[in-house]
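User: Please take a close look at one part of this model, the ligand site. After that, go through the other local features worth a check at the bench.

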Amino acid sequence: MNAFDLSRLRPRLPSPLEPVEDERFTRRGLTLALKREDLIHPDLPGNKWRKLALNLAAADGRPVLTFGGAYSNHLRAVAAAGRLLGFPTVGIVRGDELAGRPLNPSLARCAADGMRLVFVDRATYRAKNDPATRATLLERAPAGAYVVPEGGSNALAVQGCVELGRELAGAADVVAVACGTGGTLAGLAAGLGPGARTLGVPVLRGGFLGGEVRALQEAAFGGPRGDWALDERFHCGGYARVPPALDVFARDFEARHELAIERLYVAKMLLGLTTLAEEGAFPAGSRLVAVVTGAPDPPERVAGAQSAASSR
Ligand SMILES: *Cc1c(COP(=O)(O)O)cnc(C)c1O
């Protein structure tokens with residue numbers, strides 16, 4: 001264990017697996033349990049902990065440079081890790097129009113954790129992986145910075161999520177997970193092994209995610225792993241969109257199970273899993289597990305994310 005091993009932060013691992021009683025499932029002979037990744041660590045919740053663990057060990061205390069949008073959970077997790085473990089962090093933020101404005105609560109948290117925020121225009125942000133653009137961006141970070149890609153998904157991140165699948169192996173027939181970059185799904189499916197399948201619910205529109213997951217598995221394992229599929233029906237309009245019907249669904253789930261539901265990812269995954277159960281997609285006797293990849297923030301965050309999305 002090196003000094004930049006996240007396990008120094010005393011994560012709650014394995015994360016708890018909590019059965020819930022929900023008649024929409026029990027009526028069909030299905031059981032439902034929640035994999036509480038949101039309880040792993042208060043500052044690095046959910047899949048962000050799993051995805052960063054091996055990357056931060058590899059960075060070994062070097063400055064970390066990464067990328068994200070104005071409401072990125074990944075940026076916040078990197079900033080928090082930098083504060084807790086004591087290494088410098090730089091966040092390249094999409095949108096140079098944000099530079100002159102007061103920071104939103106998410107970016108304010110990053111700054112308070114010591115992250116240097118560099119706002120770039122959208123064209124530069126899109127080109128961030130081109131060698132020339134990357135070199136320019138690296139000039140904004142201290143020398144020798146370790147680069148973690150947008151959303152934190154690279155081979156090490158995917159390998160870090162294998163453990164999530166292993167924790168569920170033998171306890172689940174179907175595991176549902178919300179997908180942004182697909183890195184969590186790619187590792188989870190590999191760790192779950194044979195006999196169980198992983199159901200990914202993309203929260204972005206576009207239908208491109210299957211190819212991304214295959215590429216991530218290729219990078220992490222040298223080829224495809226596990227039995228996984230995506231259901232593209234539950235993005236609810238796209239990233240950060242929370243239409244009223246989704247909010248109604250999430251409020252109802254919160255009332256049934258006394259658990260606050262994060263809207264941008266977790267609510268869409270639960271909506272997908274519940275809809276599929278009601279469509280009769282799972283045979284009676286199936287053990288379903290829903291991965292709770294994160295917890296909600298104070299209300300102003302969701303409101304801000306919606307207005308940021310609609311002004312694009
Ligand atoms: C980042 C995030 C995801 C997406 O994870 P990917 O590995 O990018 O697919 C899902 N849920 C929550 C709560 C997140 O913060």
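Analyst: The ligand site comes first, then the sheet, then a few single residues.

The model is predicted, so local features are reported only at pLDDT of at least 70 and side-chain atom pairs only at pLDDT 80 or more, while totals for chains, interfaces and linings use all residues. Residues are numbered from 1 along each chain as its sequence is written, and side-chain values use heavy atoms, with hydrogens and water left out.

The shell around the ligand has 13 residues, of which Lys48, Lys51, Thr181, Thr184 and Thr293 come nearest; a residue is counted as near if one of its heavy atoms lies within 4 Å of the molecule. By class, the shell holds 9 polar, 2 charged and 2 nonpolar residues. Here Ala, Val, Leu, Ile, Met, Phe, Trp, Tyr, Cys and Pro count as nonpolar, Asp, Glu, Lys and Arg as charged, and the others, Gly among them, as polar. Helix H2 (47-59) and helix H8 (183-192) each supply at least two residues of the shell. H2 gives the most, with 3 residues. Helices (H or I, at least four residues) and strands (E, at least two) are DSSP runs, numbered from the N terminus.

Three atom pairs give the detail of the site. A polar side-chain atom of asparagine 73 lies 2.7 Å from an oxygen atom of the ligand. The backbone of glycine 180 places an N or O atom 2.8 Å from an oxygen atom of the ligand. Threonine 293 has a polar side-chain atom 2.7 Å from a nitrogen atom of the ligand. Taken alone, the ligand exposes 390 Å², and the protein buries 96% of that (accessible areas come from the Shrake-Rupley method with a 1.4 Å probe; for residues, only the protein chains shown count as cover).

Next, the sheet. Four strands form an open sheet with parallel pairing, in the order E5-E4-E3-E6; two strands pair if DSSP finds at least two bridges between them. Strand E5 (116-120) and strand E6 (146-147) stand at the edges with a single partner strand each, so one side of each has no neighbour in the sheet. Strand E3 (residues 64-68) and strand E4 (residues 89-94) run parallel and are joined by 5 bridges. Leucine 65 stands opposite valine 90 in E4.

Histidine 257 is found in helix H10 (residues 244-257). This histidine 257 counts as buried because its relative accessibility is 16%; buried means under 20% relative accessible area, exposed over 50%, partly exposed in between (1.4 Å probe, protein chains only). Not counting residues up to four places away in sequence, histidine 257 touches Val20, Glu21 and Asp22, contact meaning heavy atoms within 4.5 Å. The side chains of histidine 257 and aspartate 22 make a polar contact at 2.8 Å. A polar contact is a pair of N or O atoms within 3.5 Å; within protein, one must be able to donate a hydrogen and the other to accept it, and residues adjacent in sequence count only if both atoms are side-chain atoms.

Some backbone points remain. Glutamate 258 lies in the loop between H10 and helix H11 (266-278). Its phi is near 50 degrees, a positive value in a residue other than glycine, and at 76% relative accessibility glutamate 258 counts as exposed. Arginine 10, in the segment before E1, also has a positive phi near 50 degrees and counts as exposed at 74% relative accessibility. Proline 14 lies in the segment before strand E1 (17-20), and the peptide bond from leucine 13 to proline 14 is cis, with omega near -10 degrees.
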